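I opened the notebook to record what I looked up in this model, working from the interior outward. The entries follow the order in which I checked things.

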Amino acid sequence: GNPPDDASGHVRARAPIAIAARFAKTPDLGGWAGIDADVRLAPGMQLPEVNGKVTAGGVRVEQFHFADSVDADIAIANNVIRSPSTTVKLAGGTVHLKGVHVEPLAMTLGASADIDSIDFAELMRALGVADHPHVAWDIVDIHMPNFGGSLAPLKLDGDFTTTTRNFAVFDRWLKDPARQRVIGFNEAKLSAHLAVRPDSVQFKNARGDTGRTHVDGGFVLLGFHNDLRVDVPKAHVDLADITPLAGTPIAGIADVKVAVGPKMNDPKVTGEGSVNGFSIADMAFGNITQVKAEVTRSGEA
């Protein structure tokens, strides 16, 4: 006979996430989701009312892999998914989400996040930025009070603070034994605005402090088509913090602006400014009132 007008009960199930395409127009989805919850479905509802737990794995929206695994307490009402506590495993680290607010039919989300031990190169692969990244970065922790936006089209934003180590841009893929570090730093406390867009992951208005080096107004773009852009319009730098530069040790205290790009597999570093106590490979040059420099992938300056 006809199904009941109002059905409710306890459900334990697991299904492919792509099944959502049967009920609404969605982008290409991948992965699976499971539920163990009280559920109610009545006429006029596009999504059922739910109260319980959700788990998931291999979550993907088009080429963007958002989670290796998900464990969340959830409630769904009026086509809005809310979660007071969600744990996501991604890129070798753990993302702790609070106040999650997702509207799957509108493809939007919002949350606050605390993140531990993310491998940045793995994250770039997961987000579809680069299958063979040239950028290494150990993200110790991230605190992001508010992050969210649209999933289709992709437009996610949030301000964050972080402690990081071992940032480096290499001239070749990280796992290439012949790679050389172009530029980098050992440890820093950073703050920036994160923007995820259809063509890139961007870090805007970045500020960094290593104790001896201070950077203001930095911008980093990691493009999904091998694009790389690093702009530092103002930096007070102990050159020992960011070198060796393409294998060459450099020392001195500099006030500079620096640019890196345009491609991950062919990065070029350009800079200009002044340097006190400047030396290259232990060869002292004294104070330099104005300098312009360029380093290419071959190491030529």
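These are my entries on the nonpolar cores, one loop residue and one surface patch, and I note at the start that the model is predicted.

**Core.** I looked first at the largest nonpolar core, which has 74 residues, and found that Phe120, Val129, Phe203 and Leu222 touch the most other members. Strand S10, residues 181-197, gives the most to this core, with 8 residues. Apart from it I noted another core of 5 residues, including Ala121 and Phe170.

**Leu222.** I then listed the contacts of Leu222, setting aside neighbours within four places in sequence, and found among them Phe120, Val129 and Phe203, as well as the polar residues Ser200 and Asp227.

**Pro133.** Which loop holds Pro133? I placed Pro133 between helix H1 (120-126) and strand S8 (135-151). I asked next whether Pro133 is buried or exposed. Its relative accessible area is 1%, and because buried means under 20%, Pro133 counts as buried. Beyond residues up to four places away in sequence, Pro133 touches Ala121, Met124, Arg125, Trp173 and Leu174. I also recorded that Pro133 and Asn265, although 132 residues apart in sequence, are 8.5 Å apart in space, C-alpha to C-alpha.

**Surface patch.** I turned last to the surface, where Ile280, Met283 and Phe285 form a nonpolar patch with about 280 Å² of accessible area together. Met283 lies in strand S16, residues 283-295, and Met283 counts as exposed because its relative accessibility is 51%, with the cut-off for exposed being over 50%.

Conventions
Residues are numbered from 1 along each chain as its sequence is written. This is a predicted model: local features need pLDDT of at least 70, side-chain atom pairs count only at pLDDT 80 or more; totals for chains, interfaces and linings use all residues. Side-chain values use heavy atoms; hydrogens and water are left out. Patches are made of residues with over 30% relative accessible area and no salt bridge: like charges are joined within 9 Å, nonpolar side chains (Val, Leu, Ile, Met, Phe, Trp, Tyr) within 5 Å. Accessible areas come from the Shrake-Rupley method with a 1.4 Å probe; for residues, only the protein chains shown count as cover. A salt bridge is a side-chain nitrogen of Lys or Arg within 4 Å of a carboxyl oxygen of Asp or Glu. Helices (H or I, at least four residues) and strands (E, at least two) are DSSP runs, numbered from the N terminus. Buried means under 20% relative accessible area, exposed over 50%, partly exposed in between (1.4 Å probe, protein chains only). Contact means heavy atoms within 4.5 Å. A nonpolar core is a set of buried Ala, Val, Leu, Ile, Met, Phe, Trp, Tyr and Cys residues joined through side-chain atoms within 4.5 Å.
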